[in-house]
Amino acid sequence: MKLFISRPLPDPVLTRALDAYDTTVRDITTPMTRDEMIAGLQDYDIVLPTLGDLYTADIFADAGNIRTRLLANFGVGYNHIDVDAAKAHGLQVTNTPGAVTDATADTAMTLILMTARRAGEGERMLRSGAWEGWHPTQLLGMHVSGKTVGIIGMGRIGQAIAKRCHFGFGMNVVFYNRSPKTPDLPAQQLASIEDVAHVADILVIAVPGGADTRHLIDKSTFDAMQPHALLINIARGEIVNEAALIDALETGQIAGAGLDVYEFEPKVPKALTDREDVTLLPHLGTATLEVRTDMGMLAMDNVDAYANGKTLPTPV
Ligand SMILES: NC(=O)c1ccc[n+]([C@@H]2O[C@H](COP(=O)([O-])OP(=O)(O)OC[C@H]3O[C@@H](n4cnc5c(N)ncnc54)[C@H](O)[C@@H]3O)[C@@H](O)[C@H]2O)c1
Ligand SMILES: O=C(O)[C@H](O)CO
């Protein structure tokens with residue numbers, strides 16, 4: 001079996017792949033080009049792609065005689081793959097759910113605390129030499145204990161965030177999910193995104209990306225939010241209309257934002273980087289050695305299952 005891996009991965013994952021398959025590892029960190037994706041589909045039995053490798057329908061159509069039967073995506077989010085088109089061309093697609101949950105929830109907490117407590121702003125002030133010492137009214141932020149967190153998308157990551165907020169920080173949890181959910185903690189499901197936005201001190205986005213959720217968070221959401229509230233996005237950039245977010249920040253409709261993902265990633269608008277009231281992380285959600293190794297191992301579990309004719313552990 002010939003396996004193509006689209007980026008360098010943690011050593012234990014590459015060792016496992018190289019030991020078991022005729023493996024080619026693409027040794028650069030940028031997304032695959034269109035030509036590379038097409039050549040990969042023509043030459044390899046299995047491709048292990050990741051975020052940024054944009055498998056649109058025309059890639060499968062233009063590849064012609066496709067040898068690949070499995071796209072074992074490294075990552076839970078697969079909005080960069082047109083799964084219907086892949087399946088129509090005879091490919092199966094897998095992802096890495098669960099492996100990413102805790103780390104991504106931790107990143108949401110990092111963004112919540114950094115934004116509420118103005119940590120980035122304080123660190124920038126200190127590093128610039130502008131700090132003149134403690135005083136009682138310096139850099140006063142929002143106390144998160146006892147506040148209301150609103151979660152949009154109460155799936156694996158949404159629930160992990162809710163648990164951290166409720167059990168760790170004594171926050172009340174309200175949420176919106178497109179289907180009914182009974183999470184394992186005290187939390188109230190509300191009827192619409194606006195209902196959640198209206199009562200939340202901190203609004204966290206945790207739905208999948210893709211056409212169905214593009215600009216799910218838009219002007220109507222910001223209109224519903226309170227002026228002291230914060231928006232946190234650890235899901236996908238295009239879920240939030242970035243222009244509407246910038247407008248809401250500039251007009252004082254909301255008090256700040258904590259973002260791990262961007263609508264036109266890796267481009268981040270100057271209107272955001274210029275602001276002190278936003279925390280901006282470079283898509284760090286799962287960026288720990290342990291978790292990136294676990295993600296790779298789960299992707300390899302899927303590769304092994306396919307290669308041995310077994311049921312795929314985590315099909316999309
Ligand atoms: N920042 C990062 O590095 C990072 C890391 C991991 C995952 N993610 C993103 O987080 C997403 C969520 O991951 P997960 O494992 O929790 O997925 P999940 O499928 O367990 O949860 C998603 C939830 O959103 C709900 N949902 C879907 N569409 C909706 C809609 N239109 N309105 C309301 N609810 C809707 C689903 O019912 C589900 O409960 C991933 O798809 C990925 O894009 C980002
Ligand atoms: O979807 C995911 O898993 C992340 O965005 C990449 O780690």
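Start by selecting ligand 1 and the residues around it: of the 26 residues near this ligand (near meaning that a heavy atom of the residue lies within 4 Å), Arg-156, Ile-157, Asn-177, Ile-234 and Asp-260 come nearest. You are looking at a predicted model, in which local features need pLDDT of at least 70 and side-chain atom pairs count only at pLDDT 80 or more, while totals for chains, interfaces and linings use all residues. Residues are numbered from 1 along each chain as its sequence is written, chains are lettered from A and ligands numbered from 1 in the order in which they are written, and side-chain values use heavy atoms, leaving out hydrogens and water.

**Around ligand 1**

Next, show the polar contacts, which are pairs of N or O atoms within 3.5 Å; within protein, one atom must be able to donate a hydrogen and the other to accept it, and residues adjacent in sequence count only if both atoms are side-chain atoms. A polar backbone atom of Ile-157 sits 2.9 Å from an oxygen atom of ligand 1. Move to Arg-178, where a polar backbone atom is 3.1 Å from a nitrogen atom of the ligand. Then pick His-283: an N or O atom in its side chain is 3.1 Å from an oxygen atom of ligand 1. The protein covers 89% of the 870 Å² of accessible area that ligand 1 has on its own (areas come from the Shrake-Rupley method with a 1.4 Å probe; for residues, only the protein chains shown count as cover). Colour the shell by class and you will find eleven nonpolar, ten polar and five charged residues; here Ala, Val, Leu, Ile, Met, Phe, Trp, Tyr, Cys and Pro count as nonpolar, Asp, Glu, Lys and Arg as charged, and the others, Gly among them, as polar.

**On to ligand 2**

Keep His-283 selected, as a polar atom of its side chain also lies 2.8 Å from an oxygen atom of ligand 2. Add Arg-236, with a side-chain N or O atom 2.8 Å from an oxygen atom of this ligand, and Val-76, whose backbone offers an N or O atom at 2.8 Å from a ligand oxygen. Of the 230 Å² of accessible area that ligand 2 has on its own, the protein covers 88%. The surrounding residues also include Gly-75, Gly-77, Val-100, Thr-286 and Met-295.

**The seven-stranded sheet**

Now switch to a cartoon view. Helices (H or I, at least four residues) and strands (E, at least two) are DSSP runs, numbered from the N terminus, and two strands pair if DSSP finds at least two bridges between them. Follow the open sheet of seven strands in the order 8-7-6-9-10-11-12, with parallel pairing. Its edge strands are strand 8 (188-189) and strand 12 (278-280). Zoom in on strand 6 (residues 148-152) and strand 7 (residues 172-176), joined by five bridges; Ile-152 stands opposite Tyr-176 there.

**The five-stranded sheet**

The other stop in this view is an open sheet of five strands, ordered 2-1-3-4-5 with parallel pairing. Strand 2 (22-25) and strand 5 (92-94) each have a single partner strand, so one side of each is left without a neighbour in the sheet. Strand 1 (residues 2-5) and strand 3 (residues 46-48) pair over three bridges, with Ile-5 partnered by Leu-48.

**Two loops to finish**

Most residues other than glycine have a negative phi, and most peptide bonds are trans. Select Pro-266, in the loop between strand 11 and helix 11 (270-273): the peptide bond from Glu-265 to Pro-266 is cis, with omega near 5 degrees. Last, visit Leu-139, in the loop between helix 6 (119-127) and strand 6, where phi is positive, near 50 degrees.
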